[in-house]
Amino acid sequence: MLRTLLICGLVAGLLGGLLATGFVSLAGEPAVDQAIAFDEASSAADHVHAGHRHAAEAPAPVSRGLQKSAGLLTAALVYGLALGGLFALAFAFAYGRVGRASPQLTAYWLAAGTFVVVYLVPFAKYPANPPSVGDPATIGRRTLLYGTMVAISLLAALAAARLRPRLAQRTSAATLLTLLAYVVIVVAAALALPGIHEVPARFPATTLWRFREASIGMQATLWATIAVAFGYAAQRVMTGQPVLPRRDAAPASRGDLSTRPR
């Protein structure tokens, strides 16, 4: 059964990556193009003010057109595959251990919780910036800080999930108390970790806002697709039904006496 769930997760991840590609192509790529244009204009202006005459920069190894098309699709599909597989394993562990909801509802709650814990909470501390924003020399530090926030959020959520059954034996407000404990931990971590402020003051606020909106929308599209597709498949797998209806399972004809009530 685990193998079947894993396959369902991979398929759901592929679907999520495909839909996320379509969303970000419409909502995110225009903001990226605007950010790149701003960066190029700023670099040209800085060279002019400094009185330098420089040769044309070498073209990028991968053209912008390829990045926006095949490159974006490939990255989203690989990312979706990885998330779908991990989600299937997480579902197999959580189902029956955390709550007693149906497989479909468990998948919905797990996807929503993962979106909030793994993406939205760290995003609130370290929001996404366009590729042209930020100092290349600090990319390692920025990645480490973001990964630290993701780890803290995930560990806090796991600790809260383990704490809830114990509190449920003593109080009816166990869910509220565990949520409060999680919020306290992640807020304390967000205040303790250093901030990153590398967006230029003259960078267009509208472009930055649209890019961050697209980033959230892409993740929301991906996780919503995984939740719906995997939830449907998991419900059928866990109840012993085929994931895809069989073509040979045609409904009985009206003339079949065995299907008529006696």
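In the predicted model, V243 touches C8, Y232, A233, R236 and V237, when residues up to four places away in sequence are not counted. V243 belongs to the segment after α7. With a relative accessible area of 24%, V243 is partly exposed, because the buried class requires under 20%. V243 is also placed beside the start of the chain in space: its C-alpha is 9.6 Å from that of T4, although 239 residues separate V243 and T4 in sequence.

The protein contains seven helices and zero strands, and its pattern along the sequence reads α-α-α-α-α-α-α. Of its 262 residues, 30% count as buried. Among contacts with a separation of 6 or more, 82% are between residues 24 or more positions apart. The exposed area of the protein is about 16700 Å², and 66% of this area is supplied by carbon and sulfur atoms.

Helix α1 spans residues 2-27. This helix has 26 residues and reaches 36 Å from its first C-alpha to its last, close to the 38 Å expected at 1.5 Å a residue. The buried residues of α1 are L5, C8, G9, A12, G13, G16, G17, A20, T21 and V24. Many of the spacings in such a list can be read against helix geometry. An α-helix has 3.6 residues a turn, so residues three or four places apart point the same way. C8, one of the buried residues of α1, is also among the residues that V243 touches.

Other residues of α1 contribute to the surface. A nonpolar surface patch of about 560 Å² is formed by L2, L6, L10, L14, L81, L86 and L89. Both α1 and α3 (64-94) supply at least two residues of this patch, and α1 gives the largest share, with four residues. L89 is found in helix α3. The relative accessible area of L89 is 43%, so this residue is partly exposed.

In the interior, the largest nonpolar core has 25 residues, of which L5, F87, F91, W223, I226 and F230 touch the most other members. Two or more residues of this core come from each of α1, α3, α4 (103-125) and α7 (205-238). The largest share, nine residues, is that of α7. Contacts of one core residue, F91, illustrate the packing. Leaving aside neighbours within four places in sequence, F91 is in contact with L5, P103, T106, A107, L110, F230, A234 and M238. A second, separate core comprises 11 residues, including L145, Y182, V186 and A189.

One salt bridge is present in the structure. This bridge joins R142 and E198, whose closest N and O atoms are 3.4 Å apart. R142 lies in helix α5 (residues 139-168), whereas E198 lies in the loop between α6 (174-192) and α7, so the pair ties together parts that are 56 residues apart in sequence. R142 is partly exposed at 22% relative accessibility. E198 likewise counts as partly exposed, with a relative accessible area of 23%.

Terms used: Residues numbered from 1 in each chain as written. Predicted model: local features only at pLDDT ≥ 70, side-chain atom pairs only at ≥ 80, totals over all residues. Heavy atoms only, no water. Patch = residues over 30% accessible without salt bridge, like charges linked within 9 Å, V, L, I, M, F, W, Y side chains within 5 Å. Areas by Shrake-Rupley, 256 points an atom, 1.4 Å probe, with all protein chains shown as cover. Salt bridge = Lys/Arg side-chain N within 4 Å of Asp/Glu carboxyl O. Buried < 20%, exposed > 50% of the residue type's maximum accessible area, 1.4 Å probe, protein only. Expected span 1.5 Å × (residues − 1). Core = buried A, V, L, I, M, F, W, Y, C linked by side-chain atoms within 4.5 Å. Contact = heavy atoms within 4.5 Å.
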